[in-house]
Amino acid sequence: MPYNIEDIRRDFPILGREIYGKPLVYLDNAATTQKPRCVVEAITDEYYSTNANVHRGVHFLSQQATDLHEAARERVRAFINARSTAEILFTRGTTESLNLVAASFGEAFLHEGDEVILSVMEHHSDIVPWQLLRERKGIVIKVIPMDDEGNLDLDAYAALFSERTRLVCAAHVSNVLGTVNPVRQMAEVAHAHGAYFLVDGAQSIPHFKVDVQELGCDFLTFSGHKIYGPTGIGVLYGREELLEQMPPYQGGGEMISRVTFEHTTYERLPYKFEAGTPDYVGSHALAVAIDYVESLGMDAIAAHEQELTRYAMEQMQQIEGLKVYGRARQKDAVIAFNVGDIHPLDLGTLLDRLGIAIRTGHHCAQPLMARCGVEGMARASFALYNTKAEIDALVAGIERVRKMF
Ligand code: PLP
C-alpha cells in the first residue's frame, strides 16, 4: 500500500478534532497513540457479536472468543518473530510485564548480592520493580552511564559486569532522548558474561521492525496502547526455557492444572502466567492494530517518522534559546527540549491553547532528568500519522510562546 498520509489520517477520527477552536496537533505519541477506526470497531464488534469468557466454555461463543484471543497470540508471535506462542504472555502493559519479570525471574534467579544492570535512561517502570526486589532480596543495582549526547557508554557498560551479574535491562528506545540503544550488541556482551538481557520495547515496537531472535534478547516488553491498540493490554516475550523455570506471578483461575487444598499444579506456558480472565477483547484489538501497522509496512512507517524527526530537529534548532536533549547517533521519533528559562509546564499549557498537545515534566525518568541537570523538559513525539505541517505548527507555537516571555 502506498504511504498516503491523508488517507492514513482519515483512519483516525480523533485527528479531525478541534481544541479551543484550533485543529488538534497531537504530538504526545510516546505517551499513547491514537486509535484507527479498525481497532475501535474490533472492540465494539467483539462485544456486540462474540463476547464470552475464554478457555473455559464449551459453548459456541466462548470457543469463538478463545479462537480470537489465541489467534492474537499467534499474531504477536509472528510480529516479533518469537519461536513459539508459549513465549508470548499477555499482560496489562509494559509496566506489568516488567513487574512480572522482577517478581518471578527475581524469585527464581536472583539472590542476595546478585547484580542487575539498568541504563541511566530507564523509565521508572524499569527501575522501581528492581528497587522493590532489592528491598526484598538484597540484590545490587548498577547503572550504565551515558555521554552528553545521550549515547550509552559501552565501555563503562562492559566494565560493570562481575561474576554476580545476572540480568541487564535496557530501553530499546529512550522515551525522552529518543536514543536507539544498540541492544543486540549489548545482549551479546551480557551473554558473554553469563547474564540475561531484557529489552524494554515500549518505544521501539511502534516505530520499527523488532525481531526478538535477531536481537538475541531473553525478554522483551511492550504496551498495546503505544502501537495504536487499546489500553490495558501488553506483552511480555520470554524465552521458553527461562519461563519454564520461573514461578507463577499471580495465582487464580486459568493458570492452574489441578488444585487441592494441599497442593496445586500449574498450567503449561503461557497460561501459567495468566491468572484470571484475560483481556481477550484487548488482545484481539491489539492483533488488529498490528495488522494495521503491517498493512502500511513497518519500514514505511520508520522512514516517514525518521523524516519527520530529521525535519523537526532542523526546524526546532532555528528557535533562539531552544535546547534539545538527546542527539544520539541513532535517534527515534522523540524530541525533548527546553526553551530558555520558560518552564516546560508553561510552554505545554500555552501550546495547548493553540491546539498543540505535547508532554511536559519528568517523563517518568527522574534519574535521567538528574543526569541532564533539569527538573523537567517539554517533549514532542511523532507517530505514523503526523505531518511536516504539524511540525511547522509546533515551531510557530513555540516561537509565539517564546516572544510572550
Ligand atoms: N518503558 C518505556 C520506555 C516507556 O516509554 C513507558 C511508557 O511511557 C513504559 C515503559 C511504561 O509503559 P506503560 O505505562 O504502558 O506500562
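C364 is partly exposed, with a relative accessible area of 31%. The model that shows this is predicted. Two open sheets are described below, one of 7 strands with mixed pairing and one of 4 strands with antiparallel pairing. The largest nonpolar core has 67 residues, and a search of the whole structure finds 0 disulfides.

**Cysteines**

- The sulfur of C364 lies 15 Å from the closest cysteine sulfur, which belongs to C372, and this is too far for a bond.
- A disulfide is a covalent bond between the sulfur atoms of two cysteines.
- None is found in the whole structure, where the search gives 0 disulfides. C217 is accordingly in no disulfide, and its nearest cysteine sulfur, that of C169, is 11 Å away.
- C217 has 2% relative accessibility and therefore counts as buried, whereas C364 is partly exposed.

**The sheet of 7 strands**

- The strand order in this open sheet is β4-β10-β9-β8-β7-β5-β6.
- β4 (88-91) and β6 (140-144) are at the edges with a single partner strand each, so one side of each has no neighbour in the sheet.
- On average, neighbouring strands of this sheet are turned by 20° against each other, direction ignored.

**Strand β7 and its partners**

- Strand β7 covers residues 165-171, and 6 of its 7 residues are buried, so the rest of the structure largely encloses it.
- Strand β5 (residues 115-119) runs parallel to β7 and is joined to it by 4 bridges; here L118 stands opposite C169.
- Strand β8 (residues 196-200) also pairs with β7 in the parallel sense, over 5 bridges.
- Within that pairing, V168 has F197 as its bridge partner, and C169 stands opposite L198.
- C169 therefore has a residue opposite it in the pairing with β5 (L118) and in the pairing with β8 (L198).- β7, helix α7 (residues 183-192) and β8 form a right-handed β-α-β unit.

**Helices on the sheet**

- Helix α5 (residues 128-137) lies across β5, β6 and β7 and runs at about 150° to β6.
- α7 packs on the sheet and touches β6, β7 and β8, with its direction at about 155° to that of β8.

**Strand β9 and its partners**

- In strand β9 (residues 219-223), 5 of the 5 residues are buried, so this strand is largely enclosed by the rest of the structure.
- In a regular strand the side chains alternate between the two faces of the sheet.
- F219, T221 and S223 point one way from β9, while L220 and F222 point the other way.
- β8 and β9 run parallel and are joined by 3 bridges, with D200 standing opposite T221.
- β9 and strand β10 (residues 234-238) run antiparallel and are joined by 5 bridges; the partner of T221 in β10 is L236.

**Nonpolar cores**

- In soluble globular proteins, nonpolar side chains tend to be buried together.
- Within the largest nonpolar core, of 67 residues, those with the most contacts are I80, Y157, F197, L220, L384 and Y385.
- Helix α10 (residues 280-296) gives the most to this core, with 6 residues.
- Another core, of 28 residues, lies apart from it; Y311, M316, I342 and L354 are among its members.
- Beyond residues up to four places away in sequence, F197 touches a set of residues that includes Y157, L167, V183, M186, C217 and F219.

**The sheet of 4 strands**

- This open sheet has the order β13-β14-β17-β16.
- Its edge strands are β13 (322-325) and β16 (359-361), each of which pairs on one side only.
- Neighbouring strands here are turned by 30° against each other on average, direction ignored.
- β16 pairs with strand β17 (residues 377-381) in the antiparallel sense over 3 bridges, and R359 has R379 as its bridge partner in β17.

**P344**

- P344 is found in helix α12 (residues 344-353) and is buried, with a relative accessible area of 9%.
- Leaving aside neighbours within four places in sequence, P344 is in contact with N338, T360, G376, M377 and A378.
- G194 is 150 residues from P344 along the chain, and the C-alpha atoms of the two are separated by 43 Å.

Notes
Residues are numbered from 1 along each chain as its sequence is written. This is a predicted model: local features need pLDDT of at least 70, side-chain atom pairs count only at pLDDT 80 or more; totals for chains, interfaces and linings use all residues. Side-chain values use heavy atoms; hydrogens and water are left out. Buried means under 20% relative accessible area, exposed over 50%, partly exposed in between (1.4 Å probe, protein chains only). Two strands pair if DSSP finds at least two bridges between them. A crossover is right-handed if, with the strands pointing away from the viewer, the path from the first strand over the helix to the second runs clockwise. A nonpolar core is a set of buried Ala, Val, Leu, Ile, Met, Phe, Trp, Tyr and Cys residues joined through side-chain atoms within 4.5 Å. Contact means heavy atoms within 4.5 Å. Axes are lines fitted to C-alpha atoms, for helices over the stretch in contact, and angles run from 0 to 180 degrees between N-to-C directions. A disulfide is a pair of cysteine sulfur atoms within 2.5 Å.
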